[in-house]
Amino acid sequence: MTDLPRAPAAREIAALAVPALGVLAAEPLYLLVDTAIVGRLGALSLAGLAIGGLVLAVLGSQATFLSYGTTARAARRFGAGDRPGAVAEGVQATWLALLIGVVLVAAVHLGAPALVSALAGQPDIAAAALGWLRIAIFGVPAILVSLAGNGWLRGVQDTVRPLWFVAAGFSLSALACPLLVYGLLGMPRLGLAGSAVANLAGQWLAATLFLAALVGERAALRPNAAALRAQLILGRDLVVRSLAFQACFVSAAAVAARFGAAALAAHQVVLQLWTFLALVLDSLAIAAQALVGAALGAGDARHARTVGVRVTAYSGMAAGALAALLAAGAPILPALFTDDPAVLATIGVPWWFLVAQLPIAGLVFGLDGVLLGAGDAAFMRTATVVSAVTGFLPAVWMSLVFGWGLAGTWSGLTAFMVLRLLFVGYRGLSGRWAVVGARG
């Protein structure tokens with residue numbers, strides 16, 4: 001057995017978590033910036049961004065196995081002393097990213113009109129969303145390539161290069177967005193479409209940098225059918241888990257849209273903030289994935305369990321601090337995202353639900369990272385589906401039937417998080433996830 005330290009130092013976790021924080025925060029931070037820029041165009045443009053962005057997020061999130069699954073598999077190989085094998089996992093994940101990305105672009109272009117109409121509920125919102133989505137969808141292959149790149153690099157415990165790659169893409173997007181939306185510095189004024197163009201440019205810059213890093217490893221770049229099948233088996237459970245998440249978020253957006261553009265816009269602002277903070281906390285989960293996977297690959301289950309306890313505790317404390325900051329900033333922070341009076345009048349309800357949820361979410365995300373690092377995807381799939389079906393979805397659709405508005409929608413999200421905490425807390429305490437070996 002490899003002689004790993006029994007108690008991971010805080011700086012060991014931080015060395016992986018801090019750069020991962022930058023990577024995880026980049027996309028939602030861009031969406032927050034995008035929301036603030038588009039918000040000045042009015043509630044209709046913001047509602048269109050909400051629907052179009054939701055479709056893009058759903059598509060990207062269904063392929064999270066390219067990141068999380070690849071991290072788990074690559075980390076076990078890396079912990080067993082097989083770095084070339086860890087990189088090979090990245091090669092196969094990148095092939096999957098490109099193939100899936102091309103299929104999704106074609107599928108969305110065929111089905112986008114019907115899809116956004118069903119989600120938006122109102123023709124003017126649907127028209128705004130469709131124009132944005134037809135441009136932004138070409139970024140999906142780039143998003144998936146970046147997911148795969150993050151996966152194998154985290155697996156070999158390199159979270160610094162992904163930070164630089166994603167930061168480059170974010171910087172390009174953030175600089176281009178106001179120029180193209182408002183037509184500043186002689187650029188064409190594209191309105192809402194300008195945010196899609198800026199998003200697209202940044203995503204492909206980041207993907208190109210990840211591809212260059214993979215080529216630089218001098219690994220064999222041919223697709224391998226057996227490795228692709230193995231990744232898809234793990235990916236199957238993670239995709240079902242992601243579908244459960246997205247059924248919740250799509251339902252929530254569709255219901256919010258039925259209460260009008262102001263309600264949907266308020267939901268969009270708080271949901272993007274929720275996503276941003278969730279990924280901030282997920283930086284600790286990324287550290288857990290890499291360290292737990294490496295420990296189990298090296299045959300040290302005790303070290304893996306110690307990592308799990310510490311990361312979960314740190315995540316819970318960080319979430320409590322963030323909740324306190326949001327509570328203190330409630331009178332002023334919403335105005336950073338929109339100046340529309342109707343949206344500001346509505347936003348308080350989901351805002352306080354977000355504050356209440358964060359400490360629970362911190363514990364859930366920490367435990368998620370531990371179980372993902374162990375490759376315990378089947379349990380996480382079942383736990384997430386049950387939590388969605390019994391917690392989130394009933395409250396969301398009842399809020400539409402009984403007119404509960406955003407309070408009903410966000411009550412469902414809170415129930416979802418509480419149920420997930422019960423499931424992953426039980427699994428974490430049981431220790432059944434700590435299975436050693438070079439392969440998950």
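**Buried polar pairs, cores and a surface patch**

In this predicted model, the side chain of Asp376 makes a polar contact with the side chain of Arg427, at 2.8 Å. Asp376 sits in the loop between α13 (348-373) and α14, and with a relative accessible area of 11% it is buried. Setting aside neighbours within four places in sequence, Asp376 is in contact with Leu371 and Trp433 as well as Arg427.

Helix α13 also brings in a salt bridge: Asp368 pairs with Arg420, 2.3 Å from N to O. Because Asp368 belongs to helix α13 and Arg420 to helix α15 (residues 405-430), the pair ties together parts that are 52 residues apart in sequence. Both ends are tucked away, with Asp368 buried at 4% relative accessibility and Arg420 buried at 3%. Elsewhere, salt bridges with shared partners link Arg73, Arg77, Asp82 and Glu89 into one network.

Inside that network, Arg77 bridges to Asp82, with the closest N and O atoms 3.1 Å apart. Here Arg77 is buried, at 18% relative accessibility, whereas Asp82 is partly exposed, at 29%. Another bridge runs between Glu217 and Arg161, whose closest N and O atoms are 3.5 Å apart. Glu217 is in the loop between α8 (192-216) and α9 (225-258) while Arg161 is in helix α7, so this pair ties together parts that are 56 residues apart in sequence. Glu217 is partly exposed, with a relative accessible area of 24%, and so is Arg161, at 28%. The whole structure holds 8 salt bridges.

Now for the nonpolar side. The largest nonpolar core counts 123 residues, and Leu66, Leu144, Leu264 and Trp274 have the most contacts inside it. Helix α10 (residues 261-297) is the top contributor to this core, giving 23 residues. Beyond four places in sequence, Leu264 touches Ala47, Ala50, Ile51, Ile125, Ala253, Ala256 and Ala257. Apart from this core lies another, of 11 residues, including Val23, Ala26, Val166 and Ala213.

Loops get a look-in too. Val156, from the loop between α6 (140-155) and α7 (160-182), is buried at 5% relative accessibility. Its contacts, leaving out neighbours within four places in sequence, are Phe78, Arg83 and Ala86. The C-alpha atoms of Val156 and Thr71 are 8.2 Å apart, though 85 residues separate the two along the chain.

On the outside, Phe259, Trp397, Met398, Leu400, Val401, Phe402 and Trp404 make up a nonpolar surface patch of about 690 Å². Met398, part of helix α14 (residues 377-402), is partly exposed, with a relative accessible area of 36%.

Notes
Residues numbered from 1 in each chain as written. Predicted model: local features only at pLDDT ≥ 70, side-chain atom pairs only at ≥ 80, totals over all residues. Heavy atoms only, no water. Core = buried A, V, L, I, M, F, W, Y, C linked by side-chain atoms within 4.5 Å. Buried < 20%, exposed > 50% of the residue type's maximum accessible area, 1.4 Å probe, protein only. Helix = DSSP H or I, 4+ residues; strand = E, 2+ residues; numbered from the N terminus. Contact = heavy atoms within 4.5 Å. Patch = residues over 30% accessible without salt bridge, like charges linked within 9 Å, V, L, I, M, F, W, Y side chains within 5 Å. Areas by Shrake-Rupley, 256 points an atom, 1.4 Å probe, with all protein chains shown as cover. Salt bridge = Lys/Arg side-chain N within 4 Å of Asp/Glu carboxyl O. Polar contact = N/O pair within 3.5 Å; in protein donor to acceptor, adjacent residues only side chain to side chain.
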